[in-house]
Amino acid sequence: MGKKGGQVLITEEGLRHDGRRPDELRQVRMEVDVLENADGSALVEFGGTKVLAAVYGPREPIQKYIVLPDKAVLRVRYHMAPFSTSERKSPAPSRREVELSKVIREALESVVLSDLYPRTVIDVFIEVLQADGGTRTTGLTAASLALADAGIPLRALVGAVAVGKIGGTLVLDIDEVEDNYAEADMPVGAAPDIGLVTLFQINGVMTKEEVAKGLDMALNAIERIVEMEKEVLRSKYARVGEV
Amino acid sequence: MSTTPFKIPIVPSIKRETYLNLYSRGLRLDNRDLYTPRRVEIETGVVEKANGSALVSLGNTKVMAGVKIEVGTPFRDTPDQGVLTVHAEFVPLASPTFEPGPPDENAIELARVVDRSLREVGAVDLSSLVIREGEKVWIVWVDLYILDHDGNLFDASMLAAMAALKTASLPDYEEYETGEIEVLRDKSQGPLKVDHTVVTVTTAKIGNYIIVDPTLDEEAISDARMVVAVDEQGRIVGLQKTGPHGYTREELERVLNISLSASKVYFKSLEEALARQG
């Protein structure tokens, strides 16, 4: 079990190919205010996955007809850099990127207080610089940080992580190697402070019990991820205070 | 780029209170209870030129699925497998909100969710589709054609895809000395090998209520929707949260239970239709 293509994914001691325990996150790094031009920006890394997010707005869109009279319109683009994958990826948006842009936008809609800015648009641009599994969840985490960094009022911060199933074992924060051999991949995004799961997908086969257990694992980790987000935002303002 | 929908129907949001009122008494506007899908009708073999086809009505929603099987080359990382591809077209004749043009994010999402739910469980036996390993395999194209949109395109599309695949036949072929393969479209070498049956159950969250198989009006007033794909063994073989709001942990648990139990209705409809026409 857990061994595919000559690679041992779960050892007899229950450790993963990179030495992590099943419920262990990769090394997480977060930084805000990394770009000059954007109103808000963030760089988030989960192990080898590096994702940059930038927010522009609320602003008046060039296409005036897309605005709403009672709230801001949210626009999200999830995009992978051509050099982010092992084989070069065409920069033209793939069907996958179109779907993930939608899924990430819908994960943010319920936390952005968009009714404060009618007739405007808030743009969120997510660029995957290096893909090593979990790019949508890392992208959503980066987007949440960039929105907060832009000073856009949020009901809560969103964090995200994927749970995978390998040889029947549930593992947290799967990387690319694990994803390639996993029986299932379950990305979860949530705003723990308001108790809402806002991104939820399952690709693969799982029982109801496994889904419940995987959700517990993910939500537990997301609480920690959101704490890290808060810490990064706090330290930014502490830094500004010292100037 | 994904944008907040800015063409919002106004009538349904006025109806929201009426709907919530009905739900509190366990009723729907069309006399259903909260957890029963609309009437399902499935007709197979509706397009003779397709290798498999089906027309599904779910209430007033109508979806046609056509399966075409062609010869092609396998993916480099799976030389010993055929290919399954799902596409969805939101044909402009189906709804005043559909525009001609390439598939938008909703059509892409629909096709990808159906595709994943069939693929991950191995619904179609792809290893049975090899003609010459690494060189020639059968490519199974499933094209979903939305003909009339009254909500819940996911469940209707999955039923149509499944009915079309389960009644599809693999064409025969002739292999020339040059290695060329000619498809003999009028001759069949037997049915397409389908190992699992998959249905999706879509629920909408409206206020504190979870309802099965939302109509177009109900979708318009819903906070979010969940599409749960289930196979004949009751396993979850795919899932997608769609729509702008979120779910509490407790609601997710409820959604899974409701979906697993409602899936039986779809399995029964599918089984009956295939037995009748099969």
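How much area is buried between chain A and chain B, and what percentage of it do carbon and sulfur atoms give? The legends below deal with a predicted model, and the first one takes up that question.

**View 1. Where chain A meets chain B.** About 3700 Å² is buried between the two chains, with carbon and sulfur atoms giving 59% of that area. On the chain A side 45 residues are in contact, and they touch 40 residues of chain B. Six salt bridges are counted between the chains. Among the salt bridges is the one between Arg249(B) and Asp216(A), whose closest N and O atoms sit 2.2 Å apart.

**View 2. A sheet built from both chains.** Here's an open, mixed sheet of six strands, running in the order β3(A)-β4(A)-β5(A)-β7(A)-β6(A)-β1(B). Its edges are β3 (28-32) of chain A and β1 (2-3) of chain B, each paired on one side only. Zoom in on β5 (residues 49-59) and β7 (residues 121-130) of chain A: they run antiparallel and are joined by eight bridges. Leu52(A) faces Glu127(A) of β7(A) across that pairing.

**View 3. A helix across the sheet.** Helix α1 (residues 95-108) of chain A lies across β6 (73-80) and β7 of chain A, plus β1 of chain B. Relative to β6(A), the helix runs at about 140°.

**View 4. Two helices of chain B packing together.** Helices α3 (residues 153-166) and α5 (residues 249-277) of chain B pack at about 35°, their axes 11 Å apart. The crossing of α3(B) and α5(B) is right-handed. From α3(B), the contact uses Asp155(B), Leu159(B), Met162(B), Ala163(B) and Lys166(B); α5(B) brings Tyr266(B), Leu270(B) and Leu274(B). By class, that's six nonpolar residues, two charged and no polar ones.

Terms used
Residues numbered from 1 in each chain as written. Chains lettered and ligands numbered in written order. Predicted model: local features only at pLDDT ≥ 70, side-chain atom pairs only at ≥ 80, totals over all residues. Heavy atoms only, no water. Pairing = 2+ DSSP bridges. Helix = DSSP H or I, 4+ residues; strand = E, 2+ residues; numbered from the N terminus. Contact = heavy atoms within 4.5 Å. Axes fitted to C-alpha atoms, helices over the stretch in contact; angles between N-to-C directions. Left-handed = near helix turned anticlockwise from the far one by under 90°. Nonpolar A, V, L, I, M, F, W, Y, C, P; charged D, E, K, R; others polar. Buried area = accessible area lost by both parts, 1.4 Å probe. Salt bridge = Lys/Arg side-chain N within 4 Å of Asp/Glu carboxyl O.
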